[in-house]
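Colleague: Could you take me through one part of this model in detail? I would like to start with a single residue and work outwards from there.

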Amino acid sequence: MNDALERLRAESDCRDLVLAAAAAVDAPDPDAFAALFAPDGVLERPDGSRLGGREAIRAAYAARGSERLTRHLITNHVVRLGEPGSATSHCSVLLWSGRRSDPAAPQGRPADARQQVGEFDDVLVRLDEGWRIARRSARFVLCRDVAG
């Protein structure tokens, strides 16, 4: 396999990792989400709190409860490969949320009034189990409260 093909595959695997993390949060599947981090991975949340290690990440997301309904829409995703087995990722995130208990209509459930745009900056590492998030910094950069 040539270097260009290996590079493309690694970049694709890194993008897939970030998308899988968003899907696990939206599922919600806190076990799957935590498993996408390195064992000593760190998650810096938009409120400034830090979660260290898979168990802390899993516990925090399990505590969110099943009522919250989210969709993280990932865009403008850039992956840069570094030293062998390392990469960085930056993407923009549009977050919509609502409540699972709201009745579903053909057009979906009502969304909360707040719409938020954020960013994920990730440091990624390739482990025996595949690419994992070593460090994620998540932040919001814009929000808007709209009439429901």
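Modeller: Start with Cys14, which is buried, with a relative accessible area of 0%. Bear in mind that this is a predicted model. Cys91 is buried too, with a relative accessible area of 0%. Do these two cysteines bond? They do not, because the sulfur of Cys14 is 12 Å from the closest cysteine sulfur, in Cys91, and that is too far. A disulfide needs the two sulfur atoms within 2.5 Å. The structure holds zero disulfides.

Now look at the helix around Cys14. Cys14 is one of the buried residues of α1. Others among them are Ala10, Leu17, Val18, Ala21 and Val25. The list also includes Glu11 and Asp26. An α-helix has 3.6 residues a turn, so residues three or four places apart point the same way. Try that spacing on the buried residues Ala10, Cys14, Leu17 and Ala21.

How long is α1? The helix has 24 residues and reaches 35 Å from its first C-alpha to its last. That is close to the 34 Å expected at 1.5 Å a residue.

What covers the buried residues of α1? The cover includes the helices α2 and α3. It also includes the strands β3, β4, β5 and β6.

Those strands lead us to the sheet. The sheet is open and has six strands, in the order β2-β1-β6-β5-β4-β3, with mixed pairing. β2 and β3 stand at the edges with a single partner strand each, so one side of each has no neighbour in the sheet. Neighbouring strands are turned by 15° against each other on average, direction ignored. α1 packs on this sheet and touches β3, β4, β5 and β6. The direction of α1 makes about 165° with that of β3. Another helix, α3, lies across β1, β2 and β6. α3 runs at about 55° to β1.

Zoom in on the strand pairs. Strands of a sheet pair through backbone hydrogen bonds, either parallel or antiparallel. β4 and β5 pair in the antiparallel sense over ten bridges. In this pair, Ala87 stands opposite Leu124 in β5. Thr88 has Val123 in β5 as its bridge partner. β5 and β6 also run antiparallel, joined by 14 bridges. Here Asp122 stands opposite Arg136 in β6. A hairpin of two residues joins β5 to β6.

Next, the nonpolar core. In soluble globular proteins, nonpolar side chains tend to be buried together. The largest core in this model has 21 residues. Ala87 and Leu124 are among those with the most contacts inside it, as are Phe33, Ile57, Tyr61 and Trp131. α1, α2, β1, α3, β3 and β6 each supply at least two residues of this core. The largest share, six residues, comes from α1.

Apart from this core lies another, of five residues. Among them are Val18, Cys91, Val93 and Phe120. So that is where to look for Cys91, whose relative accessible area of 0% makes it buried.

Finish at Tyr61, back in the largest core. Tyr61 touches Val25, Pro30, Phe33, Leu43, Arg45 and Leu51, not counting residues up to four places away in sequence. Val25 is one of the buried residues of α1, which brings us back to the helix of Cys14.

Key: Residues are numbered from 1 along each chain as its sequence is written. This is a predicted model: local features need pLDDT of at least 70, side-chain atom pairs count only at pLDDT 80 or more; totals for chains, interfaces and linings use all residues. Side-chain values use heavy atoms; hydrogens and water are left out. A nonpolar core is a set of buried Ala, Val, Leu, Ile, Met, Phe, Trp, Tyr and Cys residues joined through side-chain atoms within 4.5 Å. Buried means under 20% relative accessible area, exposed over 50%, partly exposed in between (1.4 Å probe, protein chains only). Helices (H or I, at least four residues) and strands (E, at least two) are DSSP runs, numbered from the N terminus. Contact means heavy atoms within 4.5 Å. Two strands pair if DSSP finds at least two bridges between them. Axes are lines fitted to C-alpha atoms, for helices over the stretch in contact, and angles run from 0 to 180 degrees between N-to-C directions. The expected span of a helix is 1.5 Å times one less than its number of residues.
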